[in-house]
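Please open the model in your viewer and keep the sequence panel beside it. The stops below say what to select and what is to be found there.

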Amino acid sequence: MSEIRSNDPTNAIRQAVERIEDHLIAVRRDIHAHPELGFQEVRTAGVVASELARMGIPYQAGIGKTGVVGLIQGGRPGKVLAIRADMDALPIQETSGLPFASTLPGLMHACGHDIHTTTLLGVAAVLQEMAPQLAGTVKLVFQPAEEGLGGMQAMIDDGVMTGPDIDMALGFHNHPDMPAGTFGYTRGPGLAASDRFDIVLRGKSGHAAYPHTTIDPLIAAAMLVTQLQTVVSREVSPMHPAVVTVGAIQGGTTHNIIPDSCVIKGTVRTLHPRARDIAQAAIERLTAGMLEGMRVQCDIDYRRGTPCLVNDDRILDPAVAAVRAQFGDASVTAREASLGGEDFALMAERVPSFQLKVGSGQPGRSDKLHNSAYQPDEACIGLGAQALSRAAMVLLAG
Ligand SMILES: [Zn+2]
Ligand SMILES: [Zn+2]
């Protein structure tokens, strides 16, 4: 029994994080005060690079424009595990009033990617210290431009999956609806495939008092938006979650003119490939039907975005067991899937992966992501670093 206890890394991981926690929080506050939008994370990437250099971890910068990749070699050969953090901020004016609030007007780390970047630096420090015990390699992936700008695709295009080839991947995101110190997982599809469409309806303009001499694109647009509501309610299986949202209708200029054209923009979120195909086919068919029914010419530009993020049990189960071993069984709970999207899904599409939910809520607050007053509990940095380090050690135990 005593031998088992002495091999238990719980205390070693906790102490390794406790030694650097103040420094991690200082780094987080520095990054928070200097937010950068996607593909502009030059200063942030510089902070990451200098921290990795200080730890003696070799790295490559400029992967996917502003991405950074660090490599930790274990003491024995084994698999290659990627752990991914994102670094970009959002175009939001911060209202938190914190002493380390954004110094840049209109820019803020409101999705907690400053927390992610710093957490992964904490993981880097712990795993570098414990490298002799690891069988394999840890690839630390600091990704730019997660917020809809294609940062993961840019890193993949620059070869992040190879040299050495990644065998499995861990991602994570902070969740203010869960208290710091708690963690969550979703089995199977966890985040949605996220697609977009732009539809242009073209009719014939004229005087509002003589509608019979025109072809009105606005009434056609109104009917199409209503018909699109039947895609989820009457075409996609009720067992497959899906959303079709029209977020913009633009057309016309004033009271007494029927315009030539109108534009509809929307997004489609699905968790299953079949639902994704059915929704696209139905939207294209209903759009095409506007010509026959309403005499308007319709062009649709339907673009598939990030795929569904599917958590793989082969990574999820050992990772969840590792977090429970570090913090106790009650620290990790199953959480519902969401129809938000994440480009970590592109990595998860290529290798078995799991995205851990890291509680970041402060007692007495009810924060939301992408909110101008978001104040995550900074304890989640050290706790997240412990959880991910333990998960990496279990996944690379050989
Ligand atoms: Zn976000
Ligand atoms: Zn985010």
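**A tour from helix 2 outward**

Begin with helix 2, which carries a kink of about 50° centred on Ile 20; bear in mind throughout that this is a predicted model. Selecting residues 10-33 shows the whole of this helix, 24 residues that reach 33 Å from the first C-alpha to the last, close to the 34 Å expected at 1.5 Å a residue.

Next, within that selection, colour the buried positions, which are Ile 13, Ala 16, Val 17, Leu 24, Val 27, Arg 28, Ile 31 and His 32. Against which helices do the buried residues of helix 2 pack? Display helix 3 (42-55), helix 4 (113-129), helix 8 (313-327) and helix 10 (379-395), for these are the partners of those buried residues.

**The nonpolar cores**

From here, turn to the largest nonpolar core, a set of 102 residues in which Leu 81, Ile 83, Ala 124, Leu 170, Ala 319, Leu 388 and Ala 392 have the most contacts. Helix 10, already on display, gives the most to this core, with ten residues. Why does the core lie between the two domains? Both domain 1 (2-191 + 308-395) and domain 2 (193-304) give residues to this core, so it lies between them.

Centre the view on Leu 81 and show its surroundings: leaving aside residues up to four places away in sequence, Leu 81 touches Gly 136, Val 138, Lys 139, Asp 167, Met 168, Leu 170, Ala 392, Leu 395 and Leu 396. Apart from the largest core lies another, of six residues, and selecting Leu 90, Met 108, Ala 110 and Tyr 374 brings up some of its members.

**The two domains**

Now colour the protein by its domain assignment, with 2-191 and 308-395 together as domain 1 and 193-304 as domain 2. The centres of domain 1 and domain 2, taken over C-alpha atoms, are separated by 39 Å. Where the domains meet, five residues of domain 1 are in contact with seven residues of domain 2, and the domain 1 side of this contact divides into four nonpolar residues, one polar and no charged.

**Stepping back**

Finally, return to the whole protein, whose C-alpha trace spans about 90 × 45 × 40 Å along its principal axes. Shown as a cartoon, the protein has ten helices and 16 strands, and 46% of its 398 residues count as buried. Among contacts between residues at least 6 apart in sequence, 80% join residues at least 24 apart.

Note on methods: Residues numbered from 1 in each chain as written. Chains lettered and ligands numbered in written order. Predicted model: local features only at pLDDT ≥ 70, side-chain atom pairs only at ≥ 80, totals over all residues. Domains from an automatic or database assignment. Contact = placed C-beta atoms within 7 Å. Nonpolar A, V, L, I, M, F, W, Y, C, P; charged D, E, K, R; others polar. Helix = DSSP H or I, 4+ residues; strand = E, 2+ residues; numbered from the N terminus. Expected span 1.5 Å × (residues − 1). Bend = angle between axes of the 7 residues up to and from the residue. Buried ≥ 20, exposed ≤ 12 C-beta atoms within 10 Å, placed from the backbone. Core = buried A, V, L, I, M, F, W, Y, C linked by C-beta atoms within 7 Å.
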